[in-house]
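Colleague: Could you take one part of this model and walk me through it slowly? I'm still new to this, so please explain the terms as you go.

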Amino acid sequence: HPARRGALLPPAMDWGEAAPPVAAQQAQVPHSPAGGGSAAARALRLGAIVPEQKTKQPLLTEAQVMKKHAEEEKAAELTAKADAERAAELAAKAEASVAAKAALLPAKGTLHIHGYSLADIESNMSSFRYLFVKSLSAALGIPSGCVEVLDILQGSIKVEFCLHPAGRQGDHRDGAALLGEVSDQLLDATSALRRGKFKEYAASAEILREGEKPRDDEAPPPAIMRRKVMCDAQEQAQDLGHPLASVLALLQRESDACEAEHEGLREANDEVARLGAQLAQLRQLKKDREEQRRRQAEEQRLRLEEEERQRPLKEAREEEERTRKAEEEERRAAEQRRKDEAEEEEKSMRREQAAAKKQEEEEEQLRREQEAAARTQKDEEERLRQEQKASEALPGPAPVRGGAGAAPPLPAPTFFRLDLMAMSGGALGPMMMFF
């Protein structure tokens, strides 16, 4: 921007035009409520150009621009320095808190509850563990995460746990001090632990430090027997510890309420984190879908372009295919015609061969019939000659030809001509037969 480089601002876009009337300028300028000037200063700092519709500001000289630029740089340096000092102070406090917390050692102990067995809580072990952690943390005024349940064993009920120091908000108690406070509250009937939700178990419980031997479960000491230690306020109104117990009860209720609020806040934070994760997933899903749609659109565009480029080649291939199919159809039609002609010629030849064969058979039959007729005629002539010879050899007067008493002459053979050609349709020639 020219103001950042120490140069003057360029003139307005309408510097060469005639100025509009004052009424028109007032009509164009929008009315807005007056402010503290922060918007104008921010616009000037960022180098924004004032729109033409607004009242024009006087141009700054080069010296004024340089001075303003130096002031802005100095203010930015002071702000950065203050931020760095604040960050260093916070880091130092955090390191000191971590070091103080590291110096506080945890302590392990065992809560021995007499008069109960593991079977009494085994069906609802998680609720007992939750009740123990919440009651102990509320009685000691530490977070629930500082109470760690290591194990729950048989032998009445033995709860092995570890107390971790909180180390925050000026709490300098280590694990041993916390364990001692638990032991003191077990002995005090007005303590928060003995009057809270854990009072049924705390009335007959004792604290065993790490390495300390437990007492006999069969005969617990009278001080830790499960019994009613003190009367309530209605039966013993003169109890001096009652105000303190009331205060402790109120503190306990407030502590429980704070713990509930803290739990609700933690759940709300978890819900916000879960919703944030879901929102991130939805955004990523939306981004992936948009990317997928963009890729599909790009692929569609490339495919259309490729189809447009391949369209002439495709049309040429289709035309070539149509031509090839037409030629193939013509070739098949020609082959079919040749095949039909060959079949027709073969049928005609077969008919001619059948006619010729039939004519030969008819001629052969006629020849056989002629030969049979000739043999028959020859046999008849031979029979007549034999009869004539036989008649000549008989004794008696010789026959006189033409005279009286002469034997009548044999009848001459009569010949018949059958026109078999007409009977056979022209397939056979004429045949002579005689009887």
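Modeller: Let's take a close look at helix H9 and some of its charged side chains.

Before we start, this is a predicted model, so local features need pLDDT of at least 70 and side-chain atom pairs count only at pLDDT 80 or more, while totals for chains, interfaces and linings use all residues. Residues are numbered from 1 along each chain as its sequence is written, and side-chain values use heavy atoms, with hydrogens and water left out.

Here's the setting. The chain has 10 helices and six strands; these are DSSP runs numbered from the N terminus, with helices (H or I) of at least four residues and strands (E) of at least two. Of its 435 residues, 18% count as buried. Buried means under 20% relative accessible area, exposed means over 50%, and partly exposed is in between, using a 1.4 Å probe and protein chains only. If you take contacts (heavy atoms within 4.5 Å) between residues at least 6 apart in sequence, 64% of them join residues at least 24 apart.

Now for the helix itself. Which helix does Glu-259 sit in, and which one holds its partner Lys-134? Glu-259 lies in helix H9, residues 241-393, and Lys-134 lies in helix H5, residues 125-140, so their pairing ties together parts that are 125 residues apart in sequence. The pairing is a salt bridge, with the closest N and O atoms 3.3 Å apart. That term means a side-chain nitrogen of Lys or Arg within 4 Å of a carboxyl oxygen of Asp or Glu. Lys-134 is buried at 17% relative accessible area, whereas Glu-259 is partly exposed at 22%. These two also belong to a network of salt bridges that links Lys-134, Glu-259, Glu-263 and Arg-266.

Gln-252 is in helix H9 too, and it counts as buried, with 14% relative accessibility. Leaving aside residues up to four places away in sequence, Gln-252 touches Ala-138 and Ala-192.

Further along, you'll find salt bridges between residues of this one helix. Glu-364 and Arg-368 form one, at 3.4 Å from N to O. They are four residues apart in helix H9, so about one helical turn separates them. Arg-368 is exposed at 53% relative accessibility, while Glu-364 is partly exposed at 29%.

Glu-382 and Arg-385 make another salt bridge, with 2.3 Å from N to O. Both are in helix H9, three residues apart, which is about one turn of the helix. Glu-382 is partly exposed at 36% relative accessible area, and Arg-385 is partly exposed as well, at 39%. If you're curious about the overall tally, a search of the whole structure finds 24 salt bridges.

One last stop: Glu-343 has its place in helix H9 and is partly exposed, at 36% relative accessibility. Together with Asp-340, Glu-341, Glu-344 and Glu-345, Glu-343 forms a negative surface patch. Patches are made of residues with over 30% relative accessible area and no salt bridge, joining like charges within 9 Å, or nonpolar side chains (Val, Leu, Ile, Met, Phe, Trp, Tyr) within 5 Å. For the signs, Asp and Glu count as negative and Lys and Arg as positive, while His and the chain ends are not counted. The place of a charge is taken as NZ of Lys, CZ of Arg, CG of Asp or CD of Glu. The accessible areas come from the Shrake-Rupley method with a 1.4 Å probe, and for residues only the protein chains shown count as cover.
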